[in-house]
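Welcome! Let's take a friendly look at one helix and the core it belongs to.

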Amino acid sequence: LHRVDRRQRQMCIRDSVSSTLTRAYSVTGMTCEGCTSLLDSFLEDQPEVEHATVTYAEARVRVEFVVGTTVTQADRVMERVSADWEGKYVFSAEGVL
């Protein structure tokens, strides 16, 4: 092993840990406030999802994915969620936050 000072070691540790991916999606198919709690719970039950926030008034969902999830994987999760609800909810990516 090579010798490094404390600051360099901290930077190496920081750089080796991936950050979480947060994506925003517009969502169609929500018809009431009850949909937000159902969808929120369903999303948070997905193994790739760390946290989800569904907003009925904005017809939007903000999803924080587990460390290491790529944009492509995140979008596939949302496609799978839509399919699990038989297309009731359709998600359109708005971008990475």
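The buried residues of α3 are covered by elements including β1, α2, β2, β3 and β4 (90–96). Here helices (H or I, at least four residues) and strands (E, at least two) are DSSP runs, numbered from the N terminus, and contact means heavy atoms within 4.5 Å. This is a predicted model, in which local features need pLDDT of at least 70 and side-chain atom pairs count only at pLDDT 80 or more, while totals for chains, interfaces and linings use all residues. Residues are numbered from 1 along each chain as its sequence is written, and side-chain values use heavy atoms, leaving out hydrogens and water.

The two sides of α3 look like this, where buried means under 20% relative accessible area, exposed over 50%, and partly exposed in between (1.4 Å probe, protein chains only):

| Side of α3 | Residues |
|---|---|
| Buried | Ala-74, Val-77, Met-78, Val-81, Ser-82 |
| Turned away, exposed | Arg-76, Glu-79, Ala-83 |

Viewed down the axis of α3, the buried residues lie within an arc of 140°, so they line one face of the helix; the arc is that of the directions from the helix axis to the C-beta atoms. After α3 comes Glu-86, with a positive phi near 55°.

Now for the core. The largest nonpolar core (buried Ala, Val, Leu, Ile, Met, Phe, Trp, Tyr and Cys residues joined through side-chain atoms within 4.5 Å) has 19 residues, and Leu-39, Leu-43, Phe-65 and Phe-91 have the most contacts inside it. Its largest share, four residues, comes from α3. Beyond its neighbours within four places in sequence, Leu-43 touches Val-49, Ala-52, Val-54, Val-61, Val-63, Met-78 and Val-81.
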